[in-house]
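User: I have a model open and would like to go through it with you. Can we take it piece by piece?

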2 protein chains.
Amino acid sequence: VAKFEYSWQWAYQDKFAKAGLTALLGSGFDPGVTSVFAMWLKKHKLDTIRTLDILDCNGGDHGQAFATNFNPEINIREVTAPARHWENGDWIETPALTVRQGFDFEAVGPKNMYLMYHEELESLAKFIPEMERARFWMTFGDAYITHLTVLQNVGMTRIDPVMYEGKEVIPLQFLKAVLPEPASLGATTRGKTNIGDIATGHKDGVEKTYYIFNICDHEDAFAETGNQAISYTTGVPAMIGAALLVQGVWGGAGVFNIEQLDPDPFMAMLNTQGLPWQVRELDRPLDF
Amino acid sequence: VAKFEYSWQWAYQDKFAKAGLTALLGSGFDPGVTSVFAMWLKKHKLDTIRTLDILDCNGGDHGQAFATNFNPEINIREVTAPARHWENGDWIETPALTVRQGFDFEAVGPKNMYLMYHEELESLAKFIPEMERARFWMTFGDAYITHLTVLQNVGMTRIDPVMYEGKEVIPLQFLKAVLPEPASLGATTRGKTNIGDIATGHKDGVEKTYYIFNICDHEDAFAETGNQAISYTTGVPAMIGAALLVQGVWGGAGVFNIEQLDPDPFMAMLNTQGLPWQVRELDRPLDF
């Protein structure tokens, strides 16, 4: 069973330190790149980060009535969990999929995104202690929300076992067996992802807001690797994290979240390894 | 596996005839009462039936986001099957849930009903051979349709097995295990059912249209029997059919659909056993 929290991994700190080994946590896109983005902004553009919003937009269309872009069990558990964001030193919980915000994503267009919990909020709140607010947003189309609501209503997203012909079956795991295999969607997925961070803070006493993001094209990713952009944006950062450890650029004895390590070599490799990023200064902080 | 056709039961005709036994087919509400209604109209009000429409309205609300009022496997298979109606000697098939018609049901109010196939059409087309058209309609709310559409989209209404942890699991049967047990809905169901027939035909050379129907109240049914109106309207006609056989009022050697037997004693018992019916002459045939 997947655990969307770091506590059980952080508990290995002493064992790794004692053994002289390095553990790198969260080296995908989100968590992963989104945390590195935040730390790069803090290193180069801002002295402090007051608010951070992570915006995860998948503008891809796989042509199926309903399918998840990665492991349905993880995806559906994330989306149906209560939303949680960090605000003034506390976690604020709101019911799943109730806070909705429109946003116009470059290269994708306007989408509705929903406040969610995502595990990098836990480590970012720890490693950027001055943050007043940190939120995570993910886009979903209306049809996706309708499908998910129905699956919740009928009990198919439950993770407790149901007795079926004398055998325990977990509804969400059976649903996974019925839904399309995410890997099978690669060949038909069109469109782009746009995932990034918007951070507001001070630099030399002046408030500034920056938007840093990557755009990845599903068809280009599939042409290069045989997998669409969700796999690409997850796999390439994992490779970069591993490469930096192997090369000795990153290291140390203990358990490290990716935001504890120098962002610069990671950011450089993103640009050379197929996930180029852009940074823009915005006129003002987000008004939502 | 349920079979929505009579052929395999009709095939027992010779065996039952030879053994001197009576088999009574379709003694519920629909099939059952709806066929008796048609034959009573043909016996008393019409010389011939040109068109017959069976209108099945459940105006009950069980207070759940989604649940079926009887065996979910049967209900969902019926509803997701292509619609089929009898017209000019042929079966006309249309995709499931695509032909929708509003209708104002007495004691319930206006509802959307959908063209469906229902097994009494098979026997009525045989035993009322002059019929030009016979159709079956059932009401569903928009939320029910949305839930069903989603369950179809994700594959949860499939009746072919899916491999799950080395075991074959039929999605629709597993869905049944997850959905509320229909019997559990009785205590919370409010509202009424209104199920009946509209028949147009000639009497003494003049065209006439009759509407014959029963209204059953979910709460009254539950107060009397501990089951809501869906169970009540199914169980009472089964009891009446059995009673007429046991009393020797109905009988014969062989396999009989309920419409082959005299409707009068059955219609009389409906009135005394909790399912009183009403018949009205309408001004004109249905305009849909």
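Analyst: We can go through the chain contact, then some salt bridges and one helix. Keep in mind that this is a predicted model.

User: Start with the contact. How many residues does it take from chain A and from chain B?

Analyst: It takes 25 residues from chain A and 25 residues from chain B. Together the two chains bury about 2200 Å², and 74% of that is on carbon and sulfur atoms.

User: Which three residues supply the most of the area that chain A buries?

Analyst: Val154(A), Tyr164(A) and Phe174(A), which supply 30% of the area chain A buries against chain B.

User: What about charges there? How many salt bridges are counted between chain A and chain B?

Analyst: The count is 2 salt bridges. In one, the side chains of Lys167(A) and Glu165(B) meet at 3.2 Å, N to O. There are also 6 residue pairs in polar contact between the chains, with both residues at pLDDT 80 or more.

User: Which elements of chain A give two or more residues to that side?

Analyst: Helix 6 (142-154), strand 8 (162-164), strand 9 (167-169) and helix 7 (171-178) of chain A. The residues on that side of chain A divide into 17 nonpolar, 5 polar and 3 charged.

User: And how is chain A laid on chain B?

Analyst: By a turn of 180° with a shift of 0.1 Å along the axis, giving an RMSD of 0.1 Å. That is the relation of a two-fold axis. In chain A, the C-alpha nearest the axis belongs to Val150(A), at 3.4 Å.

User: Why do you say the copies meet through the same surface?

Analyst: Because 100% of the interface residues of chain A are also interface residues in chain B.

User: New topic: Glu130(A). Where is it found?

Analyst: Glu130(A) sits in the loop between helix 5 (120-127) and strand 7 (133-139) of chain A. Its relative accessible area is 27%, so Glu130(A) counts as partly exposed.

User: Leaving aside neighbours within four places in sequence, which residues is Glu130(A) in contact with?

Analyst: Lys42(A), Asp47(A), Thr48(A) and Ile49(A). With Lys42(A), the side chains meet in a salt bridge at 2.9 Å, N to O. That pair links distant parts of the chain, 88 residues apart, with Lys42(A) in helix 3 of chain A. The side chain of Glu130(A) also has a polar atom 3.0 Å from the backbone nitrogen of Ile49(A).

User: Is Lys42(A) buried or partly exposed?

Analyst: Lys42(A) is partly exposed, with a relative accessible area of 24%.

User: Now helix 10 of chain A. Which of its residues are buried?

Analyst: Pro263(A), Pro265(A), Phe266(A), Met267(A), Met269(A) and Leu270(A). They pack against helix 3 (33-44), strand 11 (206-217), helix 9 (229-246) and strand 13 (277-282) of chain A.

User: What caps the N-terminal end of helix 10?

Analyst: Asp262(A) does, with a side-chain oxygen 3.2 Å from the backbone nitrogen of Asp264(A). Both of those Asp residues are also linked with Lys43(A) in a network of salt bridges. After the helix comes Gly274(A), whose phi is positive, near 100°.

User: Switching to chain B, which side chain meets Lys43(B) in a salt bridge?

Analyst: That of Asp264(B), at 2.7 Å, N to O. Lys43(B) is in helix 3 and Asp264(B) in helix 10 of chain B, 221 residues apart. Lys43(B) is partly exposed at 41% relative accessible area, and Asp264(B) is partly exposed at 25%.

Definitions and conventions:
Residues are numbered from 1 along each chain as its sequence is written. Chains are lettered from A and ligands numbered from 1 in the order in which they are written. This is a predicted model: local features need pLDDT of at least 70, side-chain atom pairs count only at pLDDT 80 or more; totals for chains, interfaces and linings use all residues. Side-chain values use heavy atoms; hydrogens and water are left out. Contact means heavy atoms within 4.5 Å. Buried area is the accessible area (1.4 Å probe) that two parts lose on being put together, summed over both. A salt bridge is a side-chain nitrogen of Lys or Arg within 4 Å of a carboxyl oxygen of Asp or Glu. A polar contact is a pair of N or O atoms within 3.5 Å; within protein, one must be able to donate a hydrogen and the other to accept it, and residues adjacent in sequence count only if both atoms are side-chain atoms. Helices (H or I, at least four residues) and strands (E, at least two) are DSSP runs, numbered from the N terminus. Ala, Val, Leu, Ile, Met, Phe, Trp, Tyr, Cys and Pro count as nonpolar, Asp, Glu, Lys and Arg as charged, and the others, Gly among them, as polar. Copies are superposed by least squares on the C-alpha atoms of residues with pLDDT of at least 70 in both. Buried means under 20% relative accessible area, exposed over 50%, partly exposed in between (1.4 Å probe, protein chains only).
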